[in-house]
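Student: I should like to learn how to read contacts and voids in a protein model. Could you guide me through one example?

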Amino acid sequence: MKKMIALTMFAGLASAGAQTFTPNLSNVEFGLRGGYEMGLSGGVTVHVRNVSGPLGVRFSADYSNVSDSLNDSANVPLFGNWGTLKSQGAAESGSSTTVGVDLTYTLPSTVAGVDAYLYGGGRYNNFNAVADFTNYGAAGSNAGKTTYSTNQFGLGAGVVGQYALTPNLSLAGDLGVDYYFPSGISTNDGNGNTDTFNQGETGYDDLNALVNQPTTNFKAKIGIVYRF
């Protein structure tokens, strides 16, 4: 009898230890994620599953720190080659803020605790590249900082895979690619002097060669998803 009780307890413990949580796929998901997208990036997602069968809708917002925002081989208006300027003390920085709306399709899964979905939709991106001349030259410079900005629309697609940690919490991985259409480039020298150069206008091609505005961007992120 004691052996029977011991075997029953052992079987119960083994079953609990091997338990795989089945995610609830019918609720709204809120996600936090981080990884690479033009640089170190983080963001949030809200995914509404099963709006119509396997189809759903996802909203996303991401912010990226872009280290390579200016092209070293291009010229900065009134200053000269950017790579040379950097070697003489100039510096660059950049940022990208992206919002997206996607249609999603939940893939069928035969693996307990694992689910995945495809997504695709529209993008809006605000990109800023900063040329900092504060420390340019042996004695520094009074030229300050010049900011180059673009506002672009685009399209994106990707796939998300999720592994359930609990019925309401999953580990998620996101792989995707976005494409952005070229836009006008705005400049601001920090002293109240602003201008915007559109495609086809004099000066646009030079600025477009300098500013690494988003074109085709790949992203790879990992995070957690909570289901309500």
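**A polar contact, a cavity and a pocket**

Tutor: The side chains of D115 and R49 make a polar contact at 2.5 Å. A polar contact is a pair of N or O atoms within 3.5 Å; within protein, one must be able to donate a hydrogen and the other to accept it, and residues adjacent in sequence count only if both atoms are side-chain atoms. This is a predicted model, in which local features need pLDDT of at least 70 and side-chain atom pairs pLDDT 80 or more, while totals for chains, interfaces and linings use all residues. Residues are numbered from 1 along each chain as its sequence is written, and side-chain values use heavy atoms, with hydrogens and water left out.

Student: Is D115 buried or exposed?

Tutor: Buried means under 20% relative accessible area, exposed over 50%, and partly exposed in between (1.4 Å probe, protein chains only). D115 has a relative accessible area of 3%, so this residue is buried.

Student: Which residues lie nearest the centre of the largest cavity?

Tutor: On a 1 Å grid over the protein atoms alone, a cavity is a set of points where a 1.4 Å probe fits but cannot get out, and a pocket is an open set with protein on both sides within 12 Å along at least five of seven lines; lining residues have an atom within 4 Å of a point. Here 16 residues line the largest cavity, with R33, T45, A172, D174 and V225 nearest its centre.

Student: Which residues are closest to the centre of the largest pocket?

Tutor: They are P77, L78, T146, Y148 and T187, among 20 lining residues.
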